[in-house]
Amino acid sequence: MLSATLRCARPVILAALLAAGPGFAADGGKIYREGGANPVAVACTSCHGADGQGLGAAGFPALAGVSAAYVAKQLADFRSGSRINPVMQPIAQALSEGEIAAVASRVSAMPGPVIKRVTRADEASGMGATLALRGAWERNIPECVACHGPGGAGVGGGFPPLAGQSPEYLAAQLNAWRQGTRKNDPNDLMGHIARGLSEEEVKAVSEYFAGLAEWRVPQ
Ligand code: HEC
Ligand code: HEC
């Protein structure tokens with residue numbers, strides 16, 4: 001009885017040891033290029049690009065240089081459904097925790113764009129620049145750079161880069177918050193801001209941030 005139980009349990013224990021052993025850690029580069037162990041987790045390259053720069057016009061965001069913690073959080077949010085997207089949800093659900101950690105650290109190591117690091121001390125003319133660098137405090141909207149950092153380059157694992165993304169992707173995210181399909185931000189920080197913006201403002205501020213970055217290798 002006991003030995004039968006052990007025999008049955010052995011492959012499970014072996015699999016657990018293999019998954020935990022350092023020599024068998026998931027290979028982030030391989031997952032990015034070829035996909036995860038579950039075939040539903042298809043290769044990231046086809047949409048996010050070989051160098052992680054995304055395909056802006058199609059709404060595929062850049063991942064290169066984005067903090068690993070932020071990338072891992074977004075994948076967890078797609079899994080839980082607090083961020084709804086029909087393309088990314090099944091892919092995120094098919095990745096294991098170890099694969100998420102490995103692919104997140106791989107993309108964060110890819111070189112990001114060169115960003116013009118404007119701050120609130122800089123001049124702001126036009127609707128996009130004004131929102132980005134001054135905010136609209138009469139509507140409780142802080143300037144975007146207060147959280148997203150100079151030039152919208154991103155700060156740590158909590159505040160993602162805006163510069164380097166396409167205007168289409170940035171606007172799609174602001175609209176997702178306006179429409180309630182993205183609810184993964186702490187304390188409704190972004191939901192509150194996005195709902196306070198007009199359609200024209202969403203477009204202007206998205207174009208403004210997209211214009212602050214230049215990728216070293218042409219997209
Ligand atoms: C078939 C196309 C496709 C494939 C393949 C794909 N993605 Fe995505 N990914 C998208 C789209 C589209 C979005 C934007 C979703 C949205 O609008 O919320 C996205 C968004 C993301 C985001 C959120 C980025 C941000 O700035 O918030 C992460 C992280 C991500 N993908 C990681 C991956 C990883 C890792 C893989 C490979 C295992 C992968 N994706 C494969 C299309 C794809
Ligand atoms: C009070 C802090 C704060 C301010 C001010 C702020 N944001 Fe954010 N923003 C966040 C946080 C936090 C997230 C990440 C939410 C999450 O965890 O998914 C975020 C995410 C985003 C994203 C999604 C990026 C991606 O790749 O997933 C966009 C787009 C965005 N913000 C645009 C803006 C714009 C435009 C402004 C100015 C009008 C702005 N934000 C001001 C805190 C802020």
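Let me begin with a definition: when I name a helix, I mean a DSSP run of H or I that is at least four residues long, and the helices are numbered from the N terminus. With that in place, please keep in mind that what we are looking at is a predicted model.

I would like to start with ligand 2. The iron atom of ligand 2 takes its protein donors from H148, through NE2, and from M190, through SD, and these lie 2.0 to 2.2 Å from the iron. The two residues come from distant parts of the chain, with H148 in helix α8, residues 145–148, and M190 in helix α10, residues 189–195, so that 42 residues separate them. The iron atom of ligand 2 has six donor atoms, and with angles of 84 to 179° among them the site is octahedral. As for their surroundings, H148 and M190 are both buried.

Which residues come nearest to ligand 2? There are 25 residues around ligand 2, and those that come nearest are Y70, C144, C147, H148 and M190. Sorted by class, this shell consists of 15 nonpolar, five polar and five charged residues. Turning to the oxygen atoms of ligand 2, a polar side-chain atom of Y70 is found 2.8 Å from one oxygen atom. The side chain of K73 places an N or O atom 2.8 Å from an oxygen atom of ligand 2, and an N or O atom in the side chain of R182 is likewise 2.8 Å from an oxygen atom of this ligand.

Which helix gives the largest share of the shell around ligand 2? That helix is α9, with five residues. At least two residues of the shell come from each of α4, which spans 68–80, α8, α9, which spans 167–179, and α10. At the level of domains, ligand 2 lies between domain 1, residues 24–108, and domain 2, residues 114–214, because both of them give residues to its shell.

Now let me move to ligand 1. Here the protein donors of the iron atom are H48, through NE2, and M88, through SD, at 2.1 to 2.3 Å from the iron. Again the pair joins distant parts of the chain, since H48 sits in helix α3, residues 45–48, and M88 in helix α5, residues 88–94, with the two positions 40 residues apart. The site of the iron atom of ligand 1 is octahedral, with six donor atoms and angles of 84 to 178° among them. H48 and M88 are both buried.

Around ligand 1 there are 24 residues, of which C44, C47, H48, R83 and M88 are the closest. By class, the shell holds 16 nonpolar, seven polar and one charged residues. Among the polar atoms, a side-chain atom of H48 lies 2.8 Å from a nitrogen atom of ligand 1, while a polar side-chain atom of R83 lies 2.8 Å from an oxygen atom of this ligand. An N or O atom in the side chain of Y169 is 3.0 Å from an oxygen atom of ligand 1. Two or more residues of this shell come from each of α3, α4, α5 and α9, and α4 gives the largest share, namely five residues. Domain 1 and domain 2 each supply at least three residues to the shell around ligand 1.

One side chain deserves a separate word, and that is Q74, which is placed in helix α4. Is Q74 buried or exposed? Q74 counts as buried, because its relative accessibility is 6% and the cut-off for buried is under 20%. The side chain of Q74 makes a polar contact of 2.8 Å with the side chain of R83, the residue that also has a polar side-chain atom 2.8 Å from an oxygen atom of ligand 1. A second polar contact, of 3.1 Å, joins the side chains of Q74 and R182, and R182 has an N or O atom in its side chain 2.8 Å from an oxygen atom of ligand 2.

I will finish with the backbone of two loops. N140, in the loop between α7, residues 127–133, and α8, has a positive phi near 60° although it is not glycine. N187 is in the loop between α9 and α10, and its phi, near 55°, is a positive value in a residue other than glycine. N187 is exposed, because its relative accessible area is 74% and exposed means over 50%.

How values were computed: Residues are numbered from 1 along each chain as its sequence is written. Chains are lettered from A and ligands numbered from 1 in the order in which they are written. This is a predicted model: local features need pLDDT of at least 70, side-chain atom pairs count only at pLDDT 80 or more; totals for chains, interfaces and linings use all residues. Side-chain values use heavy atoms; hydrogens and water are left out. Donors are N, O and S atoms within 2.8 Å of the metal (3.2 Å for Na, K and Ca); water is not among the atoms, so sites may look incomplete. Four donors count as tetrahedral if all angles lie between 85 and 135 degrees; four count as square planar and six as octahedral if opposite donors are over 155 degrees apart and all others between 65 and 115; anything else is irregular. Buried means under 20% relative accessible area, exposed over 50%, partly exposed in between (1.4 Å probe, protein chains only). A residue is near a molecule or strand if one of its heavy atoms lies within 4 Å of it. A polar contact is a pair of N or O atoms within 3.5 Å; within protein, one must be able to donate a hydrogen and the other to accept it, and residues adjacent in sequence count only if both atoms are side-chain atoms. Ala, Val, Leu, Ile, Met, Phe, Trp, Tyr, Cys and Pro count as nonpolar, Asp, Glu, Lys and Arg as charged, and the others, Gly among them, as polar. Domain bounds come from an automatic or database domain assignment.
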